[in-house]
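Colleague: Could you take me slowly through a single part of this model, the sheet, and say where it leads? I am a first-year student, so please name each element as you go.

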Amino acid sequence: MWTLLQIELYKIFRRPRTYIAFVAITALITIVQLGLKVDGKEYAAFVMADLSNTLQIDGKIVNGYFVCYVLLQLLLVHVPLLIALIAADMISGEANMGTLRLMLTKPIGRTQFILAKFFAACIYTILLLIWLAILALFVSMLIFGTDDMFVLKNNYAVQIESADIFWRYAGAFCFACLAMITVAALGFFLSQFAENSIGPIVATMSVIIFFTILSTMSIPIFNLIKPYLFTTHMVAWKEFFDVKVNADNETIRGTIQRPDKLINSSLILLAHIVLFVGASIYVFKKKDVLS
Amino acid sequence: MYLRKKMCSVNDVIIMKQFSKIFFCTSLFVFSFSFAVNAQDMTALVQKVKAKLDLVNDYVADGKMKTDVAFIKAPVGKIKLYFKKPNLIKIKRDNGISVLPKGGISVNMSSVIASKDYVALLSGDAVIDGIKTKIVKLLPMNENSEIILTTLYIDEPNLLIKKAVTTTKENGTYEMEFFYGQFANYGLPDKVIFAFNTKDYKMPKGITLEFDDDGKPSEKDKLKNKKGKVEITYSSYIINKGIDNNIFK
């Protein structure tokens, strides 16, 4: 299994396509960081405009933690598309090159084969998120420094102490890994049904875009299906940045407002991963490999 | 005989009318005089309070600040408050962001009564925390003043302001309560509670990128509370040691 995984990883990182995602993320983050470095005060004034009606907020609002939150909000919608580029190519790419049948002539079980490919896609996904974390969090901390963080919700704002933030990002990135592996599992599942990469990549992107639109529209009829869409739960990482308050409305350090929601979303995403990977194994075992 | 009686009654009426006029004028004069005396007395009292506060040219105070605004979840933070006469004030939170009511209304009374352009009128007495206080209304003489009216509750024997309610043109009404302790001699409080009106807060979902409803129903009800409160508890003061003006920039 380990050898298989190494082979798969070698194949992934040998292809130039793999690095598109890393380059794209680097470019996007750099542009946003540059923009915020130059005009960060104006951006902060814009997003804090409603609060500024009543309150005077003094301090380093545009700091590394805040910038990272802005970046994650922007990028975690688009990163799935970059993950689909690799995950949806895992089986279909082999089929396209005609190497799938050749590989299966080796004395390896199909389950083992498919799991090695899936784990390789997972490692790619995790590495992409680690790269995202390095650029969005650590580089932002270096450029903008650190301070308390203001998180703006629809009906309220949360001020989190700087000493209480880092573990939240660690949790948020772990949750993001789970969400992105769900995307990878979907792409991986769809890649079984085509003999070229374009079809499953576009299909995965389409599913994500379609579900995301349904998840974000506040129309009562869609509210019924929202809890069952994995895209609804992919954004639950934000729960790490909401804090409980005591009776005096003081934030309680080290707490999360709705841990139940976080656990529920994690379980739903995990169920999706198991479902997609299980279905992939089932389909692949039954499949008559001709390419 | 009849004519004589008639003449007498006419004279009585004239005398009565004249007496009434004199009485009315005298009363008006006495009332106006007493009113003027009262106003003058309160100006004197306010000046005495100001003179006490003027003992402090500058100070640096350490304390804890608690922000209680319905739509903000904020931690209690350590702060440093810098004050320099006449009205320079800066609150710095140790390693953090400070949230204060907008409008720059100071948490120090010196700046409220720093100006001499006001009329001070007695408005009655009130008991605050078991202490009898004089209610003094300060009306600014300058029509362009941001402050419309300030009501002070003054502990006359100790020359301490126990409470102040300030109504402004742009930023609503502020209420400050002062609790004194070891620095009462300088007119500096150990604790200040600053209450103010808040406006509605609603962020577009396009900015927050949060598309599900946040907050439980009970929390939403809490958000309807339109009164904000900032509470500062001071632990120490460093008085009249000089402060660089750059701190207030």
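**The sheet of chain B**

Modeller: In this predicted model, strand 6 of chain B and strand 7 of chain B run antiparallel and are joined by ten bridges. To find one place along this pairing, look for B:Ala120, which stands opposite B:Leu138 in strand 7 of chain B. The hairpin that these two strands form has two residues between the strands, and in this hairpin B:Asp129 takes a positive phi near 50°.

Strand 7 of chain B, which covers residues 131–140, also pairs with strand 8 of chain B, residues 147–155, again in the antiparallel sense but here over five bridges. In this second pairing B:Lys134 stands opposite B:Ile154, a residue of strand 8 of chain B. As general background, the strands of a sheet pair through backbone hydrogen bonds, and they may do so in a parallel or an antiparallel way.

If you now step back to the whole sheet, you find an open sheet of ten strands in chain B, with antiparallel pairing and the order 4-3-1-12-11-10-9-8-7-6. Its edges are strand 4 (88–93) and strand 6 (118–128) of chain B, each of which pairs on one side only. Neighbouring strands of this sheet are turned against each other by 20° on average, when direction is ignored.

Strand 5 of chain B, residues 98–101, is worth following separately, for this strand pairs with strand 1 of chain A in the antiparallel sense over four bridges. Within that pairing, A:Ile57 stands opposite B:Val99 of strand 5 of chain B.

That pairing leads on to the contact between the chains, to which chain A gives 37 residues and chain B gives 33 residues. On the side of chain A that touches chain B, the elements that each supply at least two residues are helix 3 (49–52), strand 1 (55–58), strand 2 (149–152), strand 3 (157–160) and helix 10 (198–216) of chain A. Strand 1 of chain A provides the largest share of that side, namely four residues. Sorted by character, the residues on this side of chain A are twelve nonpolar, 15 polar and ten charged.

One further element of chain A deserves a careful look, namely helix 2, which spans residues 17–47 and has 31 residues, yet its end C-alpha atoms are only 36 Å apart, short of the 45 Å that a straight helix would reach at 1.5 Å a residue. Helix 2 of chain A also has a kink of about 85°, centred on A:Asp39. Its buried residues include A:Ala21, A:Ile25 and A:Leu36.

Definitions and conventions: Residues are numbered from 1 along each chain as its sequence is written. Chains are lettered from A and ligands numbered from 1 in the order in which they are written. This is a predicted model: local features need pLDDT of at least 70, side-chain atom pairs count only at pLDDT 80 or more; totals for chains, interfaces and linings use all residues. Two strands pair if DSSP finds at least two bridges between them. Axes are lines fitted to C-alpha atoms, for helices over the stretch in contact, and angles run from 0 to 180 degrees between N-to-C directions. Two residues are in contact if their C-beta atoms, placed from the backbone, lie within 7 Å. Ala, Val, Leu, Ile, Met, Phe, Trp, Tyr, Cys and Pro count as nonpolar, Asp, Glu, Lys and Arg as charged, and the others, Gly among them, as polar. The expected span of a helix is 1.5 Å times one less than its number of residues. The bend at a residue is the angle between axes fitted to the seven residues ending there and the seven starting there. A residue is buried if 20 or more other C-beta atoms lie within 10 Å of its own, exposed if 12 or fewer, and partly exposed in between; C-beta atoms are placed from the backbone.
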